[in-house]
Amino acid sequence: MALVRGLMAAKKIIGGSVGGTRKETSAPKGFLAVYVGESQKKKQRHIVPVSYLNQPLFQDLLIKAEEEFGFNHPMGGLTIPCPEDTFLTVTSRIHG
């Protein structure tokens with residue numbers, strides 16, 4: 001159930017940039033832009049493969065984002081409210 005909820009949340013949040021429009025949140029095909037950080041002013045933009053959406057570790061981050069922001073993300077794209085080093089640890093574990 002968490003998988004479905006996480007995927008639905010991510011699709012709703014990034015839906016506008018996936019449809020081919022070029023925004024600041026756009027990314028190359030097969031990737032998505034995410035903003036990571038705990039402070040509004042210190043958020044860093046990262047590009048991750050959409051395949052990460054299927055990974056349980058990344059889904060945990062999506063659930064935290066949903067709990068904090070719902071579908072209204074302040075940066076205009078998917079915002080993950082965690083320290084950048086935590087995000088990098090998660091993505092490096094997924095990458096292998």
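I will go through the confidence, the sheet and the helices of this predicted model.

Confidence comes first. The mean pLDDT of the protein is 77, and 70% of the residues score at least 70. Where is the confidence lowest, and where highest? The low end is helix 1, residues 2–18, with a mean of 47, and the high end is helix 3, with 94. There is also a stretch, residues 11–23, where the pLDDT is below 50. That stretch has 15 contacts in the model beyond near neighbours in sequence.

Now the sheet. It is open and has three strands in the order 2-1-3, and the pairing is mixed. Strand 2, residues 44–49, and strand 3, residues 78–80, each have a single partner strand, so they stand at the edges with one side lacking a neighbour in the sheet. From one strand to the next, the twist averages 40°.

To take the pairings in turn: strand 1, residues 31–36, runs antiparallel to strand 2, and six bridges join them. In that pairing, Leu32 has Val48 of strand 2 as its bridge partner, and Ala33 has Ile47. On strand 3 the sense is parallel, with three bridges to strand 1. Here Tyr35 is bridged to Thr79 of strand 3.

How many of the six residues of strand 1 are buried? Five are, so to speak of the strand as mostly covered is fair.

Next, what packs on the sheet. Helix 2 touches strand 1, strand 2 and strand 3, and its direction makes about 100° with that of strand 3. Helix 3 also packs on the sheet and touches strand 1, strand 2 and strand 3. The direction of helix 3 makes about 10° with that of strand 2.

That leaves the two helices against each other. Helix 2 covers residues 56–69 and helix 3 covers residues 84–95. Their axes are 9 Å apart, and the packing angle is about 150°. Angles over 145 degrees count as roughly antiparallel, and helix 2 and helix 3 are therefore roughly antiparallel to each other. Which residues make the contact? From helix 2 they are Leu57, Phe58 and Leu61, and from helix 3 they are Phe87, Val90, Arg93 and Ile94. By type, six residues of this contact are nonpolar, none is polar and one is charged.

To recap: a three-stranded open sheet of order 2-1-3, with helix 2 packed on it and helix 3 packed on it. Helix 1 is where confidence is lowest.

Methods:
Residues numbered from 1 in each chain as written. Predicted model: local features only at pLDDT ≥ 70, side-chain atom pairs only at ≥ 80, totals over all residues. Heavy atoms only, no water. Axes fitted to C-alpha atoms, helices over the stretch in contact; angles between N-to-C directions. Helix = DSSP H or I, 4+ residues; strand = E, 2+ residues; numbered from the N terminus. Parallel < 35°, antiparallel > 145°, perpendicular 65-115°, else oblique. Contact = heavy atoms within 4.5 Å. Nonpolar A, V, L, I, M, F, W, Y, C, P; charged D, E, K, R; others polar. Pairing = 2+ DSSP bridges. pLDDT = per-residue confidence, 0-100. Buried < 20%, exposed > 50% of the residue type's maximum accessible area, 1.4 Å probe, protein only.
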